[in-house]
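Dear colleague,

I am passing a structure on to you, and I would be grateful if you could look through it before reading my notes. The notes come after it, arranged by region.

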Amino acid sequence: MRKLLILMVAIWFCPKVSAQNPAWDEFEPVVKASLRGLSPVSSKICWASGSNGTWLKTTNGGQTWESGLIGGLDTVDFRSIHAWDALTAIAASAGQPAVIYRTSNGGKSWEKVHQEGSEAFFDAISFSDKKNGYVLGDPLGGKWMVLETKDGGVTWKSMDPLPEAVPGEAAFAASSSSLIASREGIGFATGGSVARWHYFSKEKGEWIHQELPEMAQGEPSKGVFAVVKVKDYLVMVGGDYTLLDSQEGNSVLVGDWPNRVPKKLPLGYRSGIAFGEKMDLLVAVGPSGADFSRDFGYTWESLSDRGFHSVKIAADGQSIWASGSGGRLAKLKFFEE
């Protein structure tokens, strides 16, 4: 009995990886591409995409990775990807050609399902469910490009109406995180000449535009780079990608109340953000490092000085993954099964 009691006490006080101290479990790179597209499905399945037409996929939690080219396009940067399972995924390019590809056989082959003209540039992709999704593109003719699908990405068409853009306003394809879609609606955040939040009201049938004076803006390198919904408000991150360590205008909380700047800001420019609702954990990443918040974006603490481009919560809500330059991919340790 005494030995059993001692064993129970030892187990109770055994050091564990705490949710208060998350850390990256980084995988050995299998490609050299810069990976900005990221779509984890679960703690086992994750897809990524990026420069040189690269796609990657793991089905065993990152132990091994499959990789290849999307449509044989070895000069195209696929910065946006969305996956439903180990077989089906959608990938959108950034730059020319402006194309969307789809695979239904785990990446063995990719079918081009949409292409835009020579001036188009895709910034982000987001799905509200298995059928309904959107792709955001840079403004053309004073209006933002917003494509929509209602059949899981098999066919795409322009949304109607389209939101208006002001001269010099831009979206960023740094992590495919400036656009969010849910059953409640669709919205995206911008930068450049002005930082704004654009939201389509299903009730009114029109776009609503909100200024974000708290965020860095006024230059092509400044603005909101990523947004995520937390409870009943939005947490946005960004800054200036030419000033990696600057905290000026790099985060704001937006809700049905006056915008709020975090009491303690992320430690630099941040290009991606993810929220683990089941863990009450926010993670933001950028080239200079990563931060986490346990109070829903009001204060941020340093997670690591290891830089990443993108960070996403898995579709099942059980794990958080990150991707970056040089083919780097990682997962937060305390979410290991």
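**Strand β16 and its partners**

Ala 189 stands opposite Trp 197 in β18, and this pair is a convenient place to start in what is, please bear in mind, a predicted model. The two strands concerned are β16 and β18, the latter covering residues 196–201, and they pair in the antiparallel sense over three bridges. Strand β15, residues 179–182, is likewise joined to β16 in an antiparallel arrangement, here by four bridges, and within that pairing Ile 180 has Gly 187 of β16 as its bridge partner. The connection from β15 to β16 is a hairpin that passes through two residues.

As for its surroundings, β16 spans residues 185–189, and because five of its five residues are buried, the strand is largely enclosed by the rest of the structure. In a regular strand the side chains alternate between the two faces of the sheet. In β16 both faces are covered, with Gly 185, Gly 187 and Ala 189 buried on one side and Ile 186 and Phe 188 buried on the other.

**An open sheet of four strands**

Elsewhere, four strands form an open sheet in the order β1-β30-β29-β28, with antiparallel pairing. The edges are taken by β1 (24–26) and β28 (310–313), and since each of these has a single partner strand, one side of each is left without a neighbour in the sheet. From one strand to the next, the twist averages 25°. The partner of β28 is strand β29, residues 320–323, and the two are held in antiparallel pairing over four bridges, with Lys 312 standing opposite Trp 321 in β29.

**Two residues in contrasting settings**

Ser 49 sits in strand β3, which covers residues 46–50. Is Ser 49 buried or exposed? Its relative accessible area is 0%, and Ser 49 is therefore buried, given that the term applies under 20%. Leaving aside residues up to four places away in sequence, Ser 49 touches Ser 34, Leu 35, Arg 36, Gly 37, Thr 54, Trp 55, Phe 78, Arg 79, Ser 80 and Ile 81.

Gln 247, by comparison, lies in the loop between β21 (233–240) and β22 (251–255), and with a relative accessible area of 35% Gln 247 is partly exposed. Gln 247 touches Leu 265, Pro 266, Leu 267 and Gly 268, again not counting residues up to four places away in sequence. One of these, Leu 267, is 20 residues from Gln 247 in sequence, while the C-alpha atoms of the two are 5.9 Å apart in space.

**Pocket and cavity**

The second largest pocket holds about 170 Å³ of space. It is lined by 13 residues, of which Arg 79, Phe 172, Ala 173, Ala 174 and Phe 225 are the closest to its centre. By class, the lining of this pocket divides into nine nonpolar, one polar and three charged residues. Arg 79 is thus listed here for the pocket and also appears among the contacts of Ser 49.

As for enclosed space, the structure holds one cavity of 30 Å³ or more, and the largest cavity has a volume of about 40 Å³. Its lining consists of Phe 27, Glu 28, Pro 29, Val 30, Leu 56, Trp 65, Gly 327, Arg 328 and Leu 329, which by class are six nonpolar, one polar and two charged residues.

With kind regards

Note on methods:
Residues are numbered from 1 along each chain as its sequence is written. This is a predicted model: local features need pLDDT of at least 70, side-chain atom pairs count only at pLDDT 80 or more; totals for chains, interfaces and linings use all residues. Side-chain values use heavy atoms; hydrogens and water are left out. Buried means under 20% relative accessible area, exposed over 50%, partly exposed in between (1.4 Å probe, protein chains only). Contact means heavy atoms within 4.5 Å. On a 1 Å grid over the protein atoms alone, a cavity is a set of points where a 1.4 Å probe fits but cannot get out, and a pocket is an open set with protein on both sides within 12 Å along at least five of seven lines; lining residues have an atom within 4 Å of a point. Grid points are joined across faces, edges and corners, and a volume is the space filled by probe spheres set on the points. Ala, Val, Leu, Ile, Met, Phe, Trp, Tyr, Cys and Pro count as nonpolar, Asp, Glu, Lys and Arg as charged, and the others, Gly among them, as polar. Two strands pair if DSSP finds at least two bridges between them. Axes are lines fitted to C-alpha atoms, for helices over the stretch in contact, and angles run from 0 to 180 degrees between N-to-C directions.
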